[in-house]
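Thanks, everyone. Let me put the structure up, and then I'll walk you through it.

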Amino acid sequence: PVNKQLCQIPSTDTTKTVIPVKGRLIVWADNQSEQGPLHIGLKLDKDGESVTLSRKDGSGSLMLVDSVSFPAMVSNMSYARLPDGGSDWVIQAPTWNTANQPMSLVQPSGSPVLVYPTLVSTSFYVLNASGLTLTIFDLTGKMLCKISCTSDRQEISTGMLSQGLYLVKIGNQTIKIMKRAGL
């Protein structure tokens, strides 16, 4: 186990480490601390692990600020709160210092089709997809199910899926979802 105090974000340059109200801060867990105070000396495990953010109180004791356990993910994906600061976590493409948004596509009518959450246990939701066909594929390209969306808010059950990563195709858009283990 890593000693969490060894992964301290330096406070030597508060212009880079103090987060303003409603702000955000990108901290790189890339084991490249020579790149500056926001690159910490550890690398996160692609197979998933837990991350804890804490601070020292006036007496020097560590106080929990926030924590999350994230699942296994493919490269270049992010585990993000949706919406920013919310309680739901999703696997999505990194948003690079902008607000996290639901995965979406725009239909010809202009209504966005939204898929959430992307880290699923028993189901996920599709909004504004009435009249479209949703298809779920495994990573080998095998079609697992095809569903005609009949309402503007449709719940899609994932009971037939085992743990793992899947591709959801709606129209010409493909979105990745991950089914959690043991739920």
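I'll go from the overall fold to the sheet, the cores, and then a few individual residues.

First, a caution: this is a predicted model. Every value I quote is computed from that model.

Start with the overall layout. The chain has 183 residues, and 31% of them count as buried. Its secondary structure comes to 1 helix and 13 strands. Read along the sequence, the helix comes first and the strands follow. Now contacts. Take those between residues at least 6 apart in sequence: 35% of them join residues at least 24 apart.

Next, the sheet. Five strands make an open sheet, in the order β7-β13-β12-β9-β10. The pairing is mixed. Which strands stand at the edges? They are β7, residues 119–120, and β10, residues 143–148. Each has a single partner strand, so one side of each is left without a neighbour in the sheet.

Look inside that sheet at β12 and β13. These two run antiparallel, joined by 7 bridges. Within the pair, V168 stands opposite I175 of β13. Keep V168 in mind for the core.

On to that core. The largest nonpolar core has 17 residues. Which of them touch the most other members? The answer is F124, V126, L134, I136, V168, I170 and I177. Where does the core draw from? Five strands supply at least two residues each: β6 (112–116), β8 (123–127), β9 (133–137), β12 (164–170) and β13 (173–179). The biggest giver is β12, with 3 residues.

Back to V168. Set aside neighbours within four places in sequence. V168 then contacts F124, L134, T135, I136, Q173, T174, I175 and I177. F124, L134, I136 and I177 in that list are also among the core members that touch the most others. Apart from this core there is another, of 9 residues. Its members include V68, F70, Y79 and L165.

Stay with β13 for one more residue, K179. K179 is placed in that strand. Is this lysine buried or exposed? K179 is buried, with a relative accessible area of 7%. The cut-off for buried is under 20%, so K179 falls within it. What surrounds it? Beyond four places in sequence, K179 contacts V120, S121, T158, G159, L161, S162, Q163, G164 and Y166. Pick out G164 from that list. K179 and G164 are 15 residues apart in sequence, yet their C-alpha atoms are 5.3 Å apart.

Now the hairpin. β3 and β4 form it, with 5 residues between them. In the turn, G85 has a positive phi of about 75°. The two strands run antiparallel and are joined by 5 bridges. L82 stands opposite D88, which is in β4.

β3 also brings us to charges. How many salt bridges does the structure hold? Just 1. D66 pairs with R81, and the closest N and O atoms are 2.7 Å apart. D66 is in β2, residues 62–70, and R81 is in β3, residues 78–82. The two residues are 15 apart, so the bridge links distant parts of the chain. Both ends are partly exposed: D66 at 31% relative accessible area, R81 at 21%.

D66 has another contact to mention. T52 touches it, along with L64 and S67, leaving out residues up to four places away in sequence. T52 is in β1, residues 49–56. T52 is partly exposed, at 39% relative accessible area. T52 and S67 are 15 residues apart in sequence, and their C-alpha atoms are 4.2 Å apart.

Last, the aromatics. A search of the whole structure finds 1 aromatic pair. The partners are Y116 and Y125. Their ring centres are 5.6 Å apart and their planes are at 25°, so the pair is stacked. Y116 counts as partly exposed, at 22% relative accessibility. Y125 has a further partner, R153. The charged end of R153 sits over the Y125 ring, 4.2 Å from its centre.

That's the tour. Questions, please.

Methods:
Residues numbered from 1 in each chain as written. Predicted model: local features only at pLDDT ≥ 70, side-chain atom pairs only at ≥ 80, totals over all residues. Heavy atoms only, no water. Core = buried A, V, L, I, M, F, W, Y, C linked by side-chain atoms within 4.5 Å. Buried < 20%, exposed > 50% of the residue type's maximum accessible area, 1.4 Å probe, protein only. Helix = DSSP H or I, 4+ residues; strand = E, 2+ residues; numbered from the N terminus. Contact = heavy atoms within 4.5 Å. Salt bridge = Lys/Arg side-chain N within 4 Å of Asp/Glu carboxyl O. Phe/Tyr/Trp six-rings, centres within 6.5 Å; stacked < 30°, edge-to-face > 60°. Lys NZ or Arg CZ within 6 Å of the ring centre and 35° of its normal. Pairing = 2+ DSSP bridges.
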